[in-house]
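Me: Could you take a close look at one part of this model for me, the salt bridges along its helices? I'd like to see how they sit within the overall fold, with the numbers kept in view.

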Amino acid sequence: RDPAAVALVAKAKGNAIPRSREEYVKLLARAEMEKDAELASRLAEEVLSKSELVDELVAGLPGMGRTKAMQMERIQELITKNAEAERELESAYEEALRRREEVRKALRDASCKALGIEEEGR
């Protein structure tokens, strides 16, 4: 006895127990068709669910609800702010280098004075 065949026959509705090979084949085909319909329905629901999720994500993207001209204007604003931030960062970097050299010189001078060492080239 094939367990799958026994399960299929057990699921047969009413007195539809197959009496011949032909009836069994029809029952098997009907069961597969029902299984395929369930699968198609489940996949359709999943596709719709994913589609809704994508729509929500797209709606939340920055720039949605703006025209191309508005988006280009915003991009230009961001480029300008980025250039300004770059200048400020470069200035801060130069200041940090200058201060580092001042601190190194002060430490070198203090160390030499404490140790009684005179540097060459002074």
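Reply: Read from the start of the sequence to its end, the predicted model follows the pattern α-α-α. That amounts to 3 helices and 0 strands. The radius of gyration is 40 Å, well over the 14 Å that the globule rule gives for 122 residues, so the protein is more spread out than a compact globule. The C-alpha trace spans about 115 × 50 × 20 Å along its principal axes. Of the 122 residues, 6% are buried. The accessible surface comes to about 11,200 Å², and carbon and sulfur atoms account for 57% of that area.

Now to the charges, which are what you asked about. The protein carries 23 positive and 26 negative side chains, and the centres of these two sets lie 5 Å apart. Side chains of opposite charge can pair when their charged atoms come close. With a cut-off of 4 Å between a side-chain nitrogen of Lys or Arg and a carboxyl oxygen of Asp or Glu, the count comes to 7 salt bridges.

Let's begin in helix H2, which covers residues 21-59. Here glutamate 22 forms a salt bridge with lysine 26, and their closest N and O atoms are 3.8 Å apart. The two residues are 4 positions apart in H2, about one turn of the helix. Is this pair buried or exposed? Glutamate 22 is exposed, and lysine 26 is exposed as well.

The spacing has a simple background. An α-helix has 3.6 residues a turn, so residues three or four places apart point the same way.

Helix H3, residues 68-115, gives us further pairs to look at. Glutamate 95 forms a salt bridge with arginine 99, with 2.8 Å between the closest N and O atoms. Because they are 4 residues apart in H3, glutamate 95 and arginine 99 are separated by about one helical turn. Glutamate 95 has 28% relative accessibility, so it counts as partly exposed.

Further along H3, the side chains of aspartate 109 and lysine 105 meet in a salt bridge, at 2.9 Å from N to O. This pair too is 4 residues apart in H3, which means about one helical turn between aspartate 109 and lysine 105. Aspartate 109 counts as partly exposed because its relative accessibility is 22%, and lysine 105 counts as partly exposed at 44%. Salt bridges that share partners also join Glu95, Arg98, Arg99 and Glu102 into one network.

What about the helix that holds these pairs? H3 has 48 residues and reaches 69 Å from its first C-alpha to its last. At 1.5 Å a residue the expected reach is 70 Å, and the value for H3 is close to that. Just after H3, glycine 116 takes a positive phi of about 70°.

A few other residues of H3 help to set the scale. Lysine 68 has its place in H3, and its relative accessibility of 66% means that lysine 68 counts as exposed. Between lysine 68 and threonine 80, 12 residues apart along the chain, the C-alpha atoms are separated by 18 Å. Methionine 72 also lies in H3, where it is partly exposed with a relative accessible area of 47%. From methionine 72 to glutamate 118 there are 46 residues in sequence and 62 Å in space, C-alpha to C-alpha. Leucine 107 is found in H3 too. What is the exposure of leucine 107? Its relative accessible area is 55%, so leucine 107 is exposed. Leucine 107 and valine 58 are 49 residues apart in sequence, with 57 Å between their C-alpha atoms.

To draw this together, the salt bridges described here include one in H2 between glutamate 22 and lysine 26, 4 residues apart, and one in H3 between glutamate 95 and arginine 99, also 4 residues apart. Around them is a protein with an α-α-α pattern and 6% of its residues buried.

Methods: Residues numbered from 1 in each chain as written. Predicted model: local features only at pLDDT ≥ 70, side-chain atom pairs only at ≥ 80, totals over all residues. Heavy atoms only, no water. Buried < 20%, exposed > 50% of the residue type's maximum accessible area, 1.4 Å probe, protein only. Expected span 1.5 Å × (residues − 1). Rg over C-alpha atoms; globule rule 2.2 N^0.38 Å. Areas by Shrake-Rupley, 256 points an atom, 1.4 Å probe, with all protein chains shown as cover. Lys, Arg positive; Asp, Glu negative; His and termini not counted. Charge placed at Lys NZ, Arg CZ, Asp CG, Glu CD.
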